[in-house]
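Thanks for coming. I have one structure to go through today, so please bring it up on your screens.

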Amino acid sequence: MRFFTSALAWLQHTRRARDGRGGEQCDPLAMPLVWLNKFDALSPYDLFEGCQVVGASGSGKTSSAAHILRALFRANFGGIVLCAKPGEFEHVYRIAQETGAERRVVRFAPEEAWRYNPFAFELQRATRGAGLITNIVALILQAMECGGRGKNTGGDTYWQDALTELLTAAVHLVCVSTGDCQLSDVLQVIQTAPQSREDVTPESTWSRTSACFAMLLAAEKKVTTEAEYGDLAVTEQYFFRTFPELASKTRSIVVSSVSAMLSPMMRSPMRELFCTTTNIDPTACERGAIVVVDLPVKDFGSVGTFAQTLWKMTFQKAMEQRDIAKSPVPTFLWADESQYFVSSYDLQFLATARSSRVCTVYLTQNIPSYYEALGRDHQGQHKVDALLGNLGTKLWLANGDPTTNEHAAKMIAQTWQMRQGANQGYSSNMSQQGGSLTTDTTTSVNYSDNQGVSLSEQLAFQILPQEFTTLRTGGPRNNLLVDGIIFKPGRVWNATGTNFMRVTFKQQ
Ligand SMILES: Nc1ncnc2c1ncn2[C@@H]1O[C@H](COP(=O)(O)OP(=O)(O)OP(=O)(O)O)[C@@H](O)[C@H]1O
Ligand SMILES: [Mg+2]
């Protein structure tokens, strides 16, 4: 299948523009991609470092971020779009039509003929590290992490370890015995694994009827090398000893949590979409394809999240492992209502996304929605901090959530500011107050003279948390204008000379 190489043309065009200007030292990926005003723009490099848009429901997230999406489409970047709400495909397709990118849109949905088997893709990928059982297991675990949110399989290390061990043994057994990795086979192995020590005796009913046992026999005939024998011995040990000897409660919880997530993937339409052949995969994005995974969470529930995570993670892995010298075209990962899709793997991915040339743009309502997704405990909070830290550019829109607003105010930080005030008599003092996020003075130094004029230097928030509650949210009432505050660590904006900047987007 052939997609477009015009993003390459974009790169070449930008290079020509640079050369036309007398060979200035100017990387095309550092050139403006999204203009924020007359003086400031975001470049592809900015977006490789990630972009997080945060705004309350109806604050204008989708319509203001559409400016970024338009720019990505115009630059002919390929990528994937994850869908949380019904109607997102139509929204993306409209933008693609406006920017002449509609022929590059691939709608991955039950109504279309596109098919993608992510497990076979992982297994067959030619790059280093691909095909390893651990990669496939990690893929299933990440998809379960997102799809299984709110269920009782959370981050508890004990269950997580038991789950990882079972999946590793099952995936290995299926790969060795069938030479392929079908999710249905993995599920069958797990559901027919021995339940007791009696099961693993030669005359047991289990040994006559179990698919797991049949696969163990088949696997023995397939292995040839010493290393393969060694690996199979570990898997056999697991099924013959470790698994039957687990506490029955552990066994049943682990099996039922896997079954609950994988069984819906065996049903139509997910079975046809993900468990058959492959005629589209994430590498198409390198050639300009815009894959919209139109399985909205609101329509398909947790299996929709599971399925989209399969796309997301295999896309991330494929982009990380591509050879930039051979495939230099930037790509993007777009997720509106990103709280449904963020996972622990994002932290790893975002840390190196710049070298993979992937623009990650996430839109969410508030920071607590990320806590909800990644965990409200200490570990979850660290993950959220790391995630937000790795999404370089922040665009904060109107919000009424104090946690988010305080977080934003803190991130933009305080500066020493001179304040003038009336004074009587002479005084000179320095005082320190406890201060809080809602009072902007924490330390002050006062100098005054006898004339009754005083100048006070105060360490104050540049943007107070409550200012985020007054930003315009678009719609006819606001003349279709959406206000936001943009911030990127280490960036001083040309228009303001400060580290943050008010921006306004016109809804279209
Ligand atoms: N082109 C437009 N013309 C008029 N009003 C618009 C337009 N685009 C968006 N709006 C309105 O502006 C407001 C903000 O829109 P938008 O959908 O971008 O917000 P959002 O933060 O993404 O909301 P949600 O949380 O519901 O996804 C909404 O009330 C919406 O109806
Ligand atoms: Mg929206």
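How do the residues of the shell around ligand 1 divide into nonpolar, polar and charged? Before the answer, note that this is a predicted model. The shell has two nonpolar residues, twelve polar ones and one charged one. In total, 15 residues surround ligand 1, and the closest are Ser57, Lys61, Thr62, Ser63 and Gly474.

Where does ligand 1 lie with respect to the domains? Domain 1, made up of 6–114, 287–306 and 313–403, gives residues to the shell, and domain 3, covering 405–490, does too, so ligand 1 lies between them.

Next, strand S14, residues 481–487. Six of its seven residues are buried, so to speak of S14 as mostly covered is fair. S14 pairs with two strands that I will take in turn. With strand S9, residues 393–396, S14 runs antiparallel, and three bridges join them. In that pairing, tryptophan 396 stands opposite isoleucine 485. With strand S15, residues 500–506, S14 also runs antiparallel, here with seven bridges. There, leucine 481 of S14 stands opposite lysine 506 of S15.

Last, confidence. Mean pLDDT for the chain is 87, with 84% of residues at 70 or more. Which stretches stay under 50? One is residues 1–5, where the model has twelve contacts beyond four places in sequence. Another is residues 434–443, with 17 such contacts. Where pLDDT is low, the predicted coordinates should not be read in detail.

Note on methods: Residues numbered from 1 in each chain as written. Chains lettered and ligands numbered in written order. Predicted model: local features only at pLDDT ≥ 70, side-chain atom pairs only at ≥ 80, totals over all residues. Near = placed C-beta within 6 Å. Nonpolar A, V, L, I, M, F, W, Y, C, P; charged D, E, K, R; others polar. Domains from an automatic or database assignment. pLDDT = per-residue confidence, 0-100. Contact = placed C-beta atoms within 7 Å. Buried ≥ 20, exposed ≤ 12 C-beta atoms within 10 Å, placed from the backbone. Helix = DSSP H or I, 4+ residues; strand = E, 2+ residues; numbered from the N terminus. Pairing = 2+ DSSP bridges.
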